[in-house]
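Me: Please take a close look at one part of this model for me. I would like to understand the place where the two chains meet.

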There are 2 protein chains.
Amino acid sequence: MTVTHADLANAVRALAMDAVQAANSGHPGMPMGMADAGTVLFTQHLKYDPQWPQWPDRDRFVLSAGHGSMLIYALLWLTGYEKPTLDQIRNFRQLGSPCAGHPENFELPGVETTTGPLGQGLATAVGMAIAERHLNARFGDAVQDHHTWVIAGDGCLMEGINHEAIGLAGHLKLGRLNVIWDDNRITIDGATSMSTSEDVAARYEASGWHVVSCDGHDAASIDAALRAAKADPRPSLIACRTIIGYGAPNKQGTAATHGSPLGAPEIAAARETLGWNHAPFEIPADILSAWRDAGARGVDASAKWKEGASKTEGYAEFLQWLDGSALKAAGPALKAHIDGLIAAPQTVATRKASELALGAINAAAPNTIGGSADLTGSNNTLTKGLGTLDAANYGGRYIYYGIREFGMSAAMNGMALHGGIMPYGGTFLVFTDYCRPAIRLSALQRAQVVYVMTHDSIGLGEDGPTHQPIEHVMSLRVMPNVLVMRPADVVETAECWALALENTTGPAVLALSRQNLPQVRTQASENLSAKGAYRLRAASAARKVVFLATGSEVQAALAAADQLEAAGIGCDVVSMPCWELFDLQSDTYQADILPEDALIVSVEAGTTVGWERYTGRKGLRLGIDRFGASAPAEALFEKFGLTPDAIAKAVRAKLA
Amino acid sequence: MTVTHADLANAVRALAMDAVQAANSGHPGMPMGMADAGTVLFTQHLKYDPQWPQWPDRDRFVLSAGHGSMLIYALLWLTGYEKPTLDQIRNFRQLGSPCAGHPENFELPGVETTTGPLGQGLATAVGMAIAERHLNARFGDAVQDHHTWVIAGDGCLMEGINHEAIGLAGHLKLGRLNVIWDDNRITIDGATSMSTSEDVAARYEASGWHVVSCDGHDAASIDAALRAAKADPRPSLIACRTIIGYGAPNKQGTAATHGSPLGAPEIAAARETLGWNHAPFEIPADILSAWRDAGARGVDASAKWKEGASKTEGYAEFLQWLDGSALKAAGPALKAHIDGLIAAPQTVATRKASELALGAINAAAPNTIGGSADLTGSNNTLTKGLGTLDAANYGGRYIYYGIREFGMSAAMNGMALHGGIMPYGGTFLVFTDYCRPAIRLSALQRAQVVYVMTHDSIGLGEDGPTHQPIEHVMSLRVMPNVLVMRPADVVETAECWALALENTTGPAVLALSRQNLPQVRTQASENLSAKGAYRLRAASAARKVVFLATGSEVQAALAAADQLEAAGIGCDVVSMPCWELFDLQSDTYQADILPEDALIVSVEAGTTVGWERYTGRKGLRLGIDRFGASAPAEALFEKFGLTPDAIAKAVRAKLA
């Protein structure tokens, strides 16, 4: 008997409904509705090799509607990936199974990106498509020439980030990006008509996209649409009209199939409707074999690619971009830059210091891509000779992201996850709030992205409370796996950049000043910022106080310490650019920096909540526990008690 | 000499360029470019009374492009508002002047909403327009019948939230919302063509909007466009083609006018170009008089409105909605609800407990508007009889916001700021990240909005790390002026709701469990949650330990305490639903709850970073300092050491 498209698709449906039932939780509706489209994509269009999941020229596939995770688990197993195993699918959503509730890039090599927070998968795919075109421009068709495919749902399209993502993709003319929209007209609350009246196709067209429609349950119609998408030079939206929970006769087409098991009676009815007379998790040999054959298509293709690519001039360098060694050239360049600063100290804002560091990095490491969400001159993210990355020149290394902080951040995740690229991008620190859901996904996905966040305190002055970070540095410190760094001067900024580049398993956030800061590090040394906190100056008089300061407050602490020392009150001044790194130091080191017999005084122009971690309850915390105000910076530091005089006075009062 | 439109508009331009110059910082380009549109709006269309800024039926005006703040300061002074004074305009961006860098609603009665974080002004205006239609439906045309006007720039349109905002407005057919787009084709980085290729008009039309264009420097053209906007039943986008920095001959039309003073030579040249031969801050009497006449139009109109409105049946109630007294009826209703719970305890998830509390609130207080970002059944935000608020029924009290967390939050700010309405809305706690920039503006603007954030920990189970809050509760605690509350049971949930309703000067975030929790409060008492933390159970054996727990971990702490007490280790168990309220208690109260001679143990299924505030450095912090995992909830609490056994064991190890 010939295996039909329906057989192939029904294998996906059966695995999805049975796995959700076994887990007694999950989302059967989407994988059942999109089984036909997924089958056509994975059997006829997607370029991949299950035996070589990391094939650098594979198509990238992103399940932006991540709640439909059983779709990708089923497809990966059926096409012959080593993981997941059928047993792992049986253990869907159980502790230890890589088949997590939502797809996690660190669990399965076939999962390119973690999805679940709606809208971000598609926005991440935009970054992958940028990376592909950039690598293509640098290394040629023989090395890099693939598509990026996305399956997205109504949720992904309604989220605000969708606007930023498709605007960027349309502007950059990312024709190799194709988004299959699961147009099932159902959301959790019910019909989409309850909450939206949008003409989605018209909106995509307004953003420079090609739009094509198909019947999501007709393989030929889907195939024709995917062909049209590939043929069109614009990014494509494939509006794929589907019935959610297709095959479950009493529940299909309703929100009831979205996020709950179908239940045994409905699963039995679905088996009958679909003509699927096999036990749970049992896939007939002929059907499995047809699936495996589809997967095996890629084995030849990847071998052929390797043969061709390895003959190109740039292949060795391409591999260095991928394995991280290309980036390492930035290390010695930064070292030389720091040596120069020790020889000839500079008073500059740390945002400017970051630009100086980036000058060294970008000249030495060929595979950084920089950018800013419309604050290039303020974030100091552009260095000489990068060239603009746009539709006319994918080989450029600087992206004008527009006023799209969240879209920029998600695109950077996509570039990092694609491989080969180390992205960095800037906005004001206060707008980490706009980027925050993507920063969390950088951290969760262990993606190396550097966030260049300037104007890091009331020091930005007149723009006022909407633009003055108060809680932002602290709110990032509490997020797992983020290196949050607030350097004190031009040397620490270069050190923090070096640490960010060495931190290949997660993002770094650099909090940088608008205002000039004197160079406080004037002696040659190892990278002291690597300790997270270090004694910048030891007490001369008998030590009674340890200042623990970050960023622009280090100089204020030094000046306050001068006053106190003059009065016989010995003060250590500790610069603490990074909590996370300090927490990794030995108990002995930490105890030496934070001696029990001294008053520990934290000084940071932001919330004091949380500083008890180092000052203890009896220490002193100087900072700002309210929103800021609009005035020149000097007036604000005065108002909020963060001048050297005010700091010294507060310490004396505490000691008294 | 007759005063011309140009004279009126040039008065705005002159004040803007001179104030920015005096401050030596600020944004002259936008107010100079939009002076003509602003003049036409404020002299011919906007309904307002400078002598009665709080006139309840005034048109709402939102300067979404808040960096152009000098536009609104100039318009408010010229039309005769008591504030700002000319002297305050001279002190633009200086400490103490209400003319802050960005417009702040708490500084000037004529500023309806704080703007600056791009995109949010327009999204907030959507909420104002919803409030207007709702009040109109409830009280009639004589009481509420006004427009909402917005001036927005390219930044506001490129931000993701714009998609959510206009999608919601288009769906709800908010025809009284009119957005004037300052189409100057310039962003900070340069020409808009560097970062966007979008057909803005087509996108708005795709979302159900009416679009009309005009020449932004031709008063008749602007006037015709504003008339067309008012006449159309759909929300309108008025594409107003302008030249940024209009009048500055050498810099206009470039990014150079955006965010820096023009400089004395260019200001002199602008004076010449505009024919404005007056000293800085000097407005000729005839021009000022013409402006004041325009402002005075509203005095009669507001008096006439009051006469008409006060004759309506509902007017007295309308005033109660506005002054907050209508909402107070919820207090006794919640008290009765709690009495019922003491009599008949319930084991329910706190999200369900919130629904029970809302049942009492919504029945007693007529002016709540609820909703959810497509998680109605999960957030438990819908109670009986509210009715759906949609284009067919603006009188409904429940909004299906769709998958628009940020848009929902900004719209709620708009409803709260409009007045008359107490909005609440739900999503998963993890998606406070999506809402965060709007939560910050709730806090800064002192807007009473209640965020109903459910699925507040790993207790949500199988959906895994993308959906499990770890850092979220803490990251909200560090934000100024937010009541963050994580109740432990059905009684505390009702208490926290009561506190949220009493907290009229800022937002509250309720962090609520997915899983059932036993009722731990079974004795009648005052509102104990009002203290922020209170002793739920005192030690029986000699006290060695104080547990400090929140939410679902309170029951775990109680069970762990049972084990320890059985071994002779006395344990207080303190429930701590709200840090912010505890911090307001007396030193004596705090010291009694946190005795120095006991081991303080915090227990919360989230980051431990920050808990040193109460445990001290030597206390014990039990929580989760990594991302979560996908598995059933029980397996996760086991894995992360938050079962009673694991807690008791950790305490014993610490005491040993």
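Reply: Here is the contact between the chains, followed by some of the aromatic rings.

This is a predicted model, in which local features need pLDDT of at least 70, side-chain atom pairs count only at pLDDT 80 or more, and totals for chains, interfaces and linings use all residues. Residues are numbered from 1 along each chain as its sequence is written, chains are lettered from A and ligands numbered from 1 in the order in which they are written, and side-chain values use heavy atoms, with hydrogens and water left out.

Start with the symmetry. Chain B is superposed on chain A by a rotation of 180° with 0.0 Å of shift along the axis, and the RMSD is 0.0 Å. This is the relation of a two-fold axis. The fit is by least squares on the C-alpha atoms of residues with pLDDT of at least 70 in both copies.

Now the contact itself. Chain B gives 100 residues and chain A gives 100 residues. Contact means heavy atoms within 4.5 Å. Of the interface residues of chain B, 100% are also interface residues in chain A, so the copies meet through the same surface. Together the chains bury about 8100 Å², with 57% of it on carbon and sulfur atoms. Buried area is the accessible area (1.4 Å probe) that two parts lose on being put together, summed over both.

Charges meet here too. Ten salt bridges are counted between chain B and chain A. Each needs a side-chain nitrogen of Lys or Arg within 4 Å of a carboxyl oxygen of Asp or Glu. One salt bridge joins the side chains of A:Arg93 and B:Asp463, at 2.6 Å from N to O.

Finally, the rings. A cluster of aromatic residues is formed by A:Trp52, A:Phe139, A:Trp305, A:Tyr315, A:Phe318 and A:Trp321. Rings of Phe, Tyr and Trp (its six-membered ring) pair if their centres lie within 6.5 Å; planes under 30 degrees apart count as stacked, over 60 as edge-to-face and the rest as tilted.
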